[in-house]
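Here are my notes on the model, point by point. Please keep the viewer open while reading.

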Number of protein chains: 2
Amino acid sequence: MSRSSFSQIDCGVAQAAEQIGDKWTLVILRNAFQGMSRFDEFSEHLGIAANVLSDRLNRLAAADILYRRPASQDGRAVEYKLTPKGFELFPLVVFLNQWGERWLGKPEGLRVELCDKSSGRPIRAVAAFAEDGRKLTAQDAVSRPGSGGSEVLRRAREIIARRRPAAIG
Amino acid sequence: MSRSSFSQIDCGVAQAAEQIGDKWTLVILRNAFQGMSRFDEFSEHLGIAANVLSDRLNRLAAADILYRRPASQDGRAVEYKLTPKGFELFPLVVFLNQWGERWLGKPEGLRVELCDKSSGRPIRAVAAFAEDGRKLTAQDAVSRPGSGGSEVLRRAREIIARRRPAAIG
């Protein structure tokens, strides 16, 4: 992770990126969604250096994405569980798995298929949808400043607009 | 970014994380979706060190998420545009914005609202859905090994199962 923090940047993407924009963080979250919760388990599964794992778990706990609790049977052991905020990252992990399979897949087929427990059927591809259910690509969508305002969006548009007259075509 | 590569890890999430699991990469992608394409524009907007920006753009081009092309009017200038693989990351950026607003928002309201161009209405929250359209949380879903097989999933289950007898409750 870069040393300079995004936490004061006035943009939802930047603030989210500050908290989960790290490759180790993403595989830790993947494992948490699979039911893994202990330091030693993450460590064994990921082959990650202890100081890196410790740093990422501390950051995730500080960001209220994971919380620590004593493991049920053993007073000394600690478990890391997903908070509601962390639990809501599920679509992100699903998306990464689907996009990873689509673009970085194996010729033999899917490594892991995420299925609906109740029907046993594969879940849909995570996508952006309009209110009426139409699937939206980036070209179908537009960013609008909300009531909170975004200097970040305003400056991006200013920078892009400055170039336009010379670069159109 | 960590030095050890995830590119040989037999897991879609890990492979995706290797290519986009970095906070600078995520804000660069955000800007690319907003129409930004030139080194100097990213540099000015992000206040990022030139060597870091250069590294991230090179990685994104090597991963076939962005491609380089000559800027239309100026033979020397280069543009970085989203490839089809990069363009498909749109739901990820939308999700990060929505999750960032939901959990790291401003009291005044949304900074940026992503809207459907054709209706002008806000787009839906990016989520995981069952085939029949039900919204799925992590608890409603299950990972199944696909035809490509996943040693990573098998080992995760083995590690978790080993703990279960002692930790249940």
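1. Which sign of phi does A:G47 take just after helix 3 of chain A? The phi of A:G47 is positive, about 60°. Helices are DSSP runs of H or I with at least four residues, strands are runs of E with at least two, and both are numbered from the N terminus.

2. Some ground rules. This is a predicted model, in which local features need pLDDT of at least 70, side-chain atom pairs count only at pLDDT 80 or more, and totals for chains, interfaces and linings use all residues. Residues are numbered from 1 along each chain as its sequence is written, while chains are lettered from A and ligands numbered from 1 in the order in which they are written.

3. Symmetry. A turn of 180° and a shift of 0.0 Å along the axis lay chain B on chain A, with an RMSD of 0.0 Å. That is how a two-fold axis relates its copies. The superposition is by least squares on the C-alpha atoms of residues with pLDDT of at least 70 in both copies.

4. The interface. Contact means that two C-beta atoms, placed from the backbone, lie within 7 Å. By that criterion 94 residues of chain B are in contact with 94 residues of chain A. Helix 6 of chain B (residues 90–104) supplies the largest share of chain B's side, 13 residues. That side divides into 46 nonpolar, 24 polar and 24 charged residues. Here Ala, Val, Leu, Ile, Met, Phe, Trp, Tyr, Cys and Pro count as nonpolar, Asp, Glu, Lys and Arg as charged, and the others, Gly among them, as polar. The copies meet through the same surface, because 100% of the interface residues of chain B are also interface residues in chain A.

5. Strands across the interface. Strand 3 of chain A (residues 112–116) and strand 6 of chain B (residues 141–145) run antiparallel and are joined by five bridges. Pairing requires at least two DSSP bridges between the strands. One bridge partner pair is A:C115 with B:V142 in strand 6 of chain B. Four of the five residues of strand 3 of chain A are buried, so that strand is largely enclosed by the rest of the structure. Buried means 20 or more other C-beta atoms within 10 Å of a residue's own, exposed means 12 or fewer, and partly exposed lies in between, with C-beta atoms placed from the backbone.

6. A:R111. This arginine sits in the loop between helix 6 (90–104) and strand 3 of chain A. A:R111 is buried, with 28 other C-beta atoms within 10 Å. Neighbours within four places in sequence aside, its contacts include A:E101 and A:K106, and across the interface B:D10, B:C11 and B:G146.

7. The core. The largest nonpolar core has 90 residues. Such a core is a set of buried Ala, Val, Leu, Ile, Met, Phe, Trp, Tyr and Cys residues joined through C-beta atoms within 7 Å. A:V13, A:V93, A:L96, B:V13, B:V93 and B:L96 have the most contacts inside it. Not counting residues up to four places away in sequence, B:L96 touches A:G12, A:V13, A:A16, A:A17 and B:L26.

8. Helix 3 and the loop after it. In chain A, the buried residues of helix 3 (residues 39–46) are A:F42, A:H45 and A:L46. They line one face, because they fall within an arc of 85° seen down the helix axis. The arc is taken over directions from that axis to the C-beta atoms. In chain B, B:I48 lies in the loop between helix 3 and helix 4 (50–62). B:I48 is partly exposed, with 19 other C-beta atoms within 10 Å. Beyond four places in sequence, B:I48 is in contact with B:W24, B:F42, B:S43 and B:L53.

9. A backbone check. Most residues other than glycine have a negative phi. A:D64 is not a glycine, yet has a positive phi of about 60°. A:D64 is in the loop between helix 4 and strand 1 (66–70) of chain A. A:D64 counts as partly exposed, with 13 C-beta neighbours inside 10 Å. B:D64 also has a positive phi of about 60°.
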